[in-house]
Amino acid sequence: MPKKLRAGILGYGRMGRGFVAAMQDSELWEVAAVYDICDQTRRLAAQQVPNAAIYDDPDAIFGDASIDAVGLFTLADARPQQIRQALANRKHVLAEKPIGPDVSTEWQLVREIEASDRLVAVNLFNRNAWYHKDIQRFIAEGEIGDLAVIRICHMTPGHMPLEGHDPEGPPFHDCGMHYVDVARWYAQSEYQSWHAQGLRMWGHKDPWWVQAHGTFANGVVFDITQGFIYGHLAKEKPHHCYVDVVGTKGVARMRHDFAEATVELYGVHKTLCKTAAFNDKKLDVMVDVFARSILAGKNLGMPQARDSVIASEVSWAMLNDAISHVPPVRGTPEEMQQILEHRRNLVNGFGLPVKTQKQPESELVPD
Ligand SMILES: NC(=O)c1ccc[n+]([C@@H]2O[C@H](COP(=O)([O-])OP(=O)(O)OC[C@H]3O[C@@H](n4cnc5c(N)ncnc54)[C@H](O)[C@@H]3O)[C@@H](O)[C@H]2O)c1
């Protein structure tokens, strides 16, 4: 077996731990070092990744010539400097999205990344999903005719205000950029026009629910609904997550509940239905394609920084459009406090993104 690739991890929070677990399960990776700003988190890393060096400063990772690649899993504000330091030290990069805290910094980074000879993958996890690949293959076979309408919904009891992720922005950017990317990926065209409506749930300053609709340059139309407002205090936590692609002749659609995904394909020659594991963020697929790309010296299908930045730019613009339409307020600050308190006491299951570093088994959470 070839020598394993050596990874240095920056940020051992929820995503960092997920990526490390995927690398530990992979034959292609060895986690060589972990850095996190938080002392308690470093202690957790020392327990869970006993063979890795644990650092309170990232320079030791960038300066280690034996490290092939870095995983950048802190928040958006730290990423630009870390990407630049990685490229300067000739490390390949696996970065979380967004790659920076504002669009002009992100575009500057794209220019630097594309001018470098290093491979940079960004975790647009939907692009690694079996269900989207199945649907896109069906569309490419001509089964639904010409693509006409893309409808995407992602409503869950996810991240609340005051629970972190401030540099990533409100949910329509933090999470919604994934679905802005998915619609563009399906349309194979650039966004042309949109109108967005928001809602300031619980009187919070930012809209926590946004719906945008509009057109792509090729005439395909879309609507995207995203909100972390779905049943927070319901006894059983619900989700409403789907992609519905309407063609001139047929339909291809999927829905998921974070445990399973179901694809239903209504084509002119065949009707197919498949249910299989949702597989959360598909980090196993991501670390595999990233490793194989490094070994091959070319991109074998990794999601790209340019796509991430377009999704980030357009989702900020749609969010700002929603804000310009003066989103109405529903609910009260007291309800928001009740939800925050409720979530602090949750221990596991869907709809329960508990901020604890002691319970990694609770990390299959919706967002
Ligand atoms: N692709 C996806 O589907 C997806 C899903 C969730 C989060 N994310 C992204 O992943 C990133 C991490 O999110 P998370 O949910 O894991 O957050 P988190 O808060 O759980 O983890 C962040 C970790 O980084 C550490 N950290 C923060 N700033 C740091 C710095 N300057 N130097 C070193 N360590 C630092 C924190 O101590 C924490 O351990 C975010 O950018 C988020 O947008 C992506």
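Student: Which elements do the buried residues of α4 pack against?

Tutor: This is a predicted model. The buried residues of helix α4, residues 79-88, are R79, Q82, I83 and A86. Their packing partners are β1 (5-10), α3 (59-62), β4 (69-72), β5 (92-95) and α5 (103-114).

Student: Within what arc do the buried residues of α4 fall, seen down its axis?

Tutor: Start with the residues: R79, Q82, I83 and A86 are buried. An α-helix has 3.6 residues a turn, so residues three or four places apart point the same way. In α4 the buried residues line one face of the helix, because they fall within an arc of 100°.

Student: Which residues are exposed on the other side of α4?

Tutor: The buried face of α4 holds R79, Q82, I83 and A86. On the other side, the exposed residues are Q81 and A88.

Student: What phi does R90 take, just after α4?

Tutor: Most residues other than glycine have a negative phi. R90 follows just after α4 and takes a positive phi. The value is about 60°.

Student: How many bridges pair β1 with β2, and which residue of β2 stands opposite R6?

Tutor: Strand β2 covers residues 29-35 and is mostly covered, with six of its seven residues buried. β1 and β2 pair in the parallel sense over six bridges. Opposite R6, in β2, stands E30.

Student: How far apart are the centres of domain 1 and domain 2?

Tutor: The domain assignment gives domain 1 as 5-118. Domain 2 is given as 127-281 + 312-356. Taken over C-alpha atoms, their centres are separated by 27 Å.

Student: How many residues does each domain give to the contact, and how do those of domain 1 divide?

Tutor: Domain 1 gives nine residues to the contact, and domain 2 gives eight. On the side of domain 1 that touches domain 2, the residues divide into five nonpolar, one polar and three charged.

Student: Which residues are closest to the ligand?

Tutor: The ligand is surrounded by 26 residues. Domain 1 and domain 2 each supply at least three residues of this shell. The closest residues are G11, G13, M15, A78 and E96.

Student: Which helix gives the largest share of the shell around the ligand?

Tutor: By residue class, the shell divides into ten nonpolar, eight polar and eight charged. The largest share from one element is three residues. These come from helix α1, residues 14-24.

Student: Which strands stand at the edges of the nine-stranded sheet?

Tutor: The sheet is open, with mixed pairing, and runs β14-β13-β12-β11-β7-β10-β9-β8-β15. An edge strand here has a single partner, so one side of it is left without a neighbour in the sheet. The two edge strands are β14 (271-277) and β15 (329-330).

Student: In β13, which residue is the bridge partner of M254?

Tutor: Strand β12 is residues 251-256, and strand β13 is residues 260-266. They pair in the antiparallel sense over six bridges. The bridge partner of M254 is V263.

Student: Is I229 buried or exposed?

Tutor: I229 lies in the loop between β10 (221-227) and β11 (240-247). Among the residues that I229 touches are M155, M201, W208 and W209. Because 22 other C-beta atoms lie within 10 Å, I229 is buried.

Student: What distance separates the C-alpha atoms of I229 and I294?

Tutor: Along the chain, I229 and I294 are 65 residues apart. In space, their C-alpha atoms are separated by 40 Å.

Student: What is the omega of the peptide bond from K97 to P98?

Tutor: Most peptide bonds are trans. P98 lies in the loop between β5 and α5. The bond from K97 to P98 is cis, and its omega is near -15°.

Student: What is the phi of W202, and where does W202 lie?

Tutor: W202 is buried, because it has 22 other C-beta atoms within 10 Å. W202 has a positive phi near 60°. Its place is the loop between β8 (191-201) and β9 (209-216).

Student: Why does D280 count as partly exposed?

Tutor: D280 is in the loop between β14 and α9 (283-296). Its phi is positive, near 35°. D280 counts as partly exposed because its C-beta neighbours inside 10 Å number 15.

Notes: Residues numbered from 1 in each chain as written. Predicted model: local features only at pLDDT ≥ 70, side-chain atom pairs only at ≥ 80, totals over all residues. Domains from an automatic or database assignment. Contact = placed C-beta atoms within 7 Å. Nonpolar A, V, L, I, M, F, W, Y, C, P; charged D, E, K, R; others polar. Buried ≥ 20, exposed ≤ 12 C-beta atoms within 10 Å, placed from the backbone. Helix = DSSP H or I, 4+ residues; strand = E, 2+ residues; numbered from the N terminus. Arc of directions from axis to C-beta. Near = placed C-beta within 6 Å. Pairing = 2+ DSSP bridges.
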